[in-house]
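Here are my notes on this one, in numbered points. Have it open while you read.

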Amino acid sequence: MTNPAPPKSYVNALKLLLRPLVRGMISQGLTLPHVTALLKQVYVEAAEDFRIAGKRLTDSRVSLLTGVHRKDVKRLRTESRDEPVLSEKANIGAQVVALWTGDPRYLDASGDPAPLPRSGEKSFDSLVAGISRDMRPRTLLDEWMRRGLANLDDDGRVTLNPTAFVPSQDYDDLAFYFGRNLHDHIAATVHNLEGADDTLLERATYYDGLTPGSVDELESLARSIGMAALIRLNQEAHKRAERDKDQPDARRRFNFGLYFYRDDVALPPMEGGDEEDDT
């Protein structure tokens with residue numbers, strides 16, 4: 001018995017989705033054989049979600065579900081899995097920003113991150129120490145000032161620029177967020193495509209036929225209102241995290257993100273020709 005063909009609309013959407021991913025793979029030197037081996041591993045891992053209640057998921061069933069040879073399935077299911085890990089510095093920095101923008105103790109009357117004295121009670125040093133005593137506050141402050149994420153005002157207080165904040169410029173950290181955030185965005189759309197009753201939030205605003213100047217203006221607006229939304233949600237999440245931290249069922253996570261992409265009007269599909277080989 002052959003499996004039914006997948007919907008053409010899904011295949012077309014998948015090709016569109018894969019185009020930037022494959023472009024990124026090529027730019028990073030990942031060739032098709034490397035990616036094929038990676039796909040085998042991911043197929044085998046994803047098959048774990050298709051267990052039948054009360055039955056053991058056998059290598060034969062995984063092979064049937066995925067098309068991966070049973071010998072490869074057996075090997076891949078016993079191999080250790082490397083998971084992306086966020087560096088300690090980036091992790092601490094992200095937590096400091098989340099606390100500074102979410103905890104009422106560190107907010108001003110308008111709900112914005114308040115300027116903090118360098119030391120003392122309710123200071124930048126105490127804020128960092130509340131997250132980790134292994135990170136010297138001065139080290140973090142110097143790094144943030146170098147990147148324009150924080151400054152000292154005329155009174156010597158530390159001010160945060162949350163609109164300029166990016167988690168890290170370290171490649172491994174950027175790769176971590178690349179994987180985690182795209183995973184959650186795609187997982188939300190897959191959840192909705194599978195016809196779940198509890199559809200997840202996944203919306204976008206799209207326009208074409210705009211000038212570069214108009215897109216620049218809209219990008220600036222998106223950054224402004226987007227950061228306001230992130231900061232507001234962070235404050236609400238912080239309240240609930242404090243309320244829920246001792247609850248036995250406090251095991252659920254969420255991820256809410258933003259993106260803005262710009263490009264020229266889509267070009268027609270590439271067609272084959274008689275171009276000379278450029279090797």
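**Salt bridges, a cavity and one exposed phenylalanine**

1. Let's start with a network: Lys40, Asp72, Arg75 and Glu79 are linked to one another by salt bridges. A salt bridge here is a side-chain nitrogen of Lys or Arg within 4 Å of a carboxyl oxygen of Asp or Glu. The structure holds 21 salt bridges.

2. Some ground rules before going on. This is a predicted model, in which local features need pLDDT of at least 70 and side-chain atom pairs count only at pLDDT 80 or more, while totals for chains, interfaces and linings use all residues. Residues are numbered from 1 along each chain as its sequence is written, and side-chain values use heavy atoms, with hydrogens and water left out.

3. Now for helix α7 (residues 137-146). Helices, for the record, are DSSP runs of H or I with at least four residues, and strands are runs of E with at least two, numbered from the N terminus. Arginine 138 forms a salt bridge with aspartate 142, and their closest N and O atoms are 2.9 Å apart. About one helical turn separates these two, because they sit 4 residues apart in the helix. How accessible is arginine 138? Arginine 138 counts as partly exposed at 39% relative accessibility, and aspartate 142 is also partly exposed, with 35%. The cut-offs are under 20% relative accessible area for buried, over 50% for exposed, and partly exposed in between (1.4 Å probe, protein chains only).

4. The helix has another pair to look at. Glutamate 143 and arginine 146 meet in a salt bridge at 2.8 Å, N to O. Both lie in helix α7, 3 residues apart, which is about one turn of the helix. Arginine 146 is exposed, its relative accessible area being 60%.

5. Which parts of the chain does the bridge between arginine 262 and glutamate 219 link? Their side chains meet at 2.0 Å, N to O. The pair links distant parts of the chain, with arginine 262 in the segment after α9 and glutamate 219 in helix α9, 43 residues apart. Glutamate 219 is buried, because its relative accessible area is 14%, whereas arginine 262 is partly exposed at 41%. Leaving out residues up to four places away in sequence, glutamate 219 touches Phe260 and Arg262; contact means heavy atoms within 4.5 Å.

6. Phenylalanine 254 also deserves a look. This residue lies in the segment after α9 (212-244). Is phenylalanine 254 buried or exposed? It counts as exposed, because its relative accessibility is 54%. Its contacts, not counting residues up to four places away in sequence, are with Leu233 and Ala237. The C-alpha atoms of phenylalanine 254 and asparagine 181 are separated by 11 Å, with their positions 73 residues apart along the chain.

7. Last, the empty space. The count comes to 1 cavity of 30 Å³ or more. A cavity is a set of points, on a 1 Å grid over the protein atoms alone, where a 1.4 Å probe fits but cannot get out, and lining residues have an atom within 4 Å of a point. The largest cavity has a volume of about 30 Å³, where volume is the space filled by probe spheres set on the points.

8. As for its lining, the residues are Gln41, Val44, Glu45, Leu76, Glu79, Ser80 and Arg81. Helix α2 (residues 32-46) gives the most, with 3 residues. By class, 2 are nonpolar, 2 polar and 3 charged. Glu79 thus links back to point 1, as a member of the salt-bridge network.

Methods:
On a 1 Å grid over the protein atoms alone, a cavity is a set of points where a 1.4 Å probe fits but cannot get out, and a pocket is an open set with protein on both sides within 12 Å along at least five of seven lines; lining residues have an atom within 4 Å of a point. Ala, Val, Leu, Ile, Met, Phe, Trp, Tyr, Cys and Pro count as nonpolar, Asp, Glu, Lys and Arg as charged, and the others, Gly among them, as polar.
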